[in-house]
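Thanks for coming. I have one structure to go through today, so please look at the screen.

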Amino acid sequence: MVGNRYSWKTLLLELAIVVCALVFLYPLYLVVLNSFKLFPDIMSRSANWPEAFITDNYVRAWKATNFPNVLFNSAFVTVLSNAGIVLLSSMAAWRLARRAGRGSQIVLLLFVSSMVIPFQSIMIPLMQIGGKLELIGSLPGLVVLYFGLGAPFTIFLYHGFVKSVPTEIEESAIIDGCGMQGLFWKIVFPLLKPITMTAVILNSLWIWNDFLLPVMVLHQAKMYTIPLALYSFFAQYAKQWDMALATLVMSMTPIVALFLGLQRFIIRGITAGSVKG
């Protein structure tokens, strides 16, 4: 068929996509490449292939940052924050979608409106409230703050997806005697798996790499997450790029693996959420 023939336009489009991919991957290439170089080589020949791959950067960075500890802190905050955001947001979005009315629309509008408020404009009141609630200076306190910051966007995602779930499934479960809790956890929540994976990926990328909120909340080195430990290599008069780049490679490996493992759910979850039921 004529429509299935490989044309010059398709070739040019594919070439353009390949060029864009190379442009975006080039910084990653430089980071990985320079993590195996000595500091003088990084400063003088950052784009050159290393004469010898130096693994000592990783050993020194592992010890300097106490990497197992900061990795645990980042994983602790990311996992618990995701769990709380997903549970609270999925339940809230389901009720808002299924009890359509002016009140639900107003509540949803408030959640969506909060997404456009810059964090810098609320961080002082947030720290004041967090101090009164004794959330400052602890990892669990940081997790609770992420609950509030991550809920609006996640509720927005879930709300769109819930509308694509047929209400007949829930009505059949209610007729069979299923209660509200059983209806959500046994029927509705399993159907939300695509958008749940999408929310987990997006929130993990944000929380894992976030610097501003942890630097305001965590004041002890033993509680540092990976971005805070990475920042310790950049002092006023010295920048340890060799160990910083090695730490950066080690820190991005788990989150990249998570993204590659769950990326197929992103498009499915978002496109399904755009269909109104």
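Is Arg 45 buried, partly exposed or exposed? Arg 45 is partly exposed, because its relative accessible area is 36%, and the partly exposed class runs from 20% to 50%. Before I go on, please keep in mind that this is a predicted model.

Arg 45 has a charged partner. Its side chain meets that of Asp 41 in a salt bridge, with N to O at 2.4 Å. Asp 41 has a relative accessible area of 24%, so Asp 41 is partly exposed as well. As background, side chains of opposite charge can pair when their charged atoms come close.

How many salt bridges does a search of the whole structure find? The search finds 4. The pair of Asp 41 and Arg 45 is one of them, and I will show two others, which involve Arg 60.

Start with Arg 60 and Asp 56. Their side chains form a salt bridge at 2.9 Å, N to O. Both residues belong to helix H3 and sit 4 residues apart, about one turn of the helix. Arg 60 is at 31% relative accessibility, so Arg 60 counts as partly exposed. Asp 56 counts as partly exposed too, because its relative accessibility is 39%.

Arg 60 also forms a salt bridge with Asp 242, where the closest N and O atoms are 3.0 Å apart. This pair links distant parts of the chain: Arg 60 is in helix H3, while Asp 242 is in helix H13, residues 241-262, and the two are 182 residues apart. Asp 242 has a relative accessible area of 9%, so Asp 242 is buried; the cut-off for buried is under 20%. Through shared partners, the salt bridges join Asp 56, Arg 60 and Asp 242 into one network.

Next, the backbone. Which residue in the loop between helix H3 and H4 has a positive phi? That is Asn 66, with phi of about 50°, although Asn 66 is not a glycine. The loop holding Asn 66 runs between helix H3 (56-65) and H4. Asn 66 counts as partly exposed, because its relative accessibility is 42%.

Glu 134 is another residue other than glycine with a positive phi, in this case near 60°. Glu 134 lies in the loop between helix H6 (123-132) and helix H7 (139-162). Its relative accessibility is 69%, so Glu 134 counts as exposed.

Now helix H9, residues 180-191. Its 12 residues, at 1.5 Å a residue, should span 16 Å. The end C-alpha atoms of H9 are 16 Å apart, so the span agrees with the expected value. Which residues of H9 are buried? They are Gly 182, Leu 183, Phe 184 and Val 188. What do the buried residues of H9 pack against? They pack against helix H4 (67-98) and helix H8 (167-175).

Last, the surface. Tyr 26, Tyr 29, Trp 49 and Phe 53 make a nonpolar surface patch of about 470 Å². Tyr 29, one of the patch residues, is found in helix H1, residues 8-34. Tyr 29 has a relative accessible area of 34%, so Tyr 29 is partly exposed. Patch residues need over 30% relative accessible area, and Tyr 29 at 34% fits that cut-off.

That is what I have. I will take questions now.

Terms used: Residues are numbered from 1 along each chain as its sequence is written. This is a predicted model: local features need pLDDT of at least 70, side-chain atom pairs count only at pLDDT 80 or more; totals for chains, interfaces and linings use all residues. Side-chain values use heavy atoms; hydrogens and water are left out. Patches are made of residues with over 30% relative accessible area and no salt bridge: like charges are joined within 9 Å, nonpolar side chains (Val, Leu, Ile, Met, Phe, Trp, Tyr) within 5 Å. Accessible areas come from the Shrake-Rupley method with a 1.4 Å probe; for residues, only the protein chains shown count as cover. Buried means under 20% relative accessible area, exposed over 50%, partly exposed in between (1.4 Å probe, protein chains only). The expected span of a helix is 1.5 Å times one less than its number of residues. Contact means heavy atoms within 4.5 Å.
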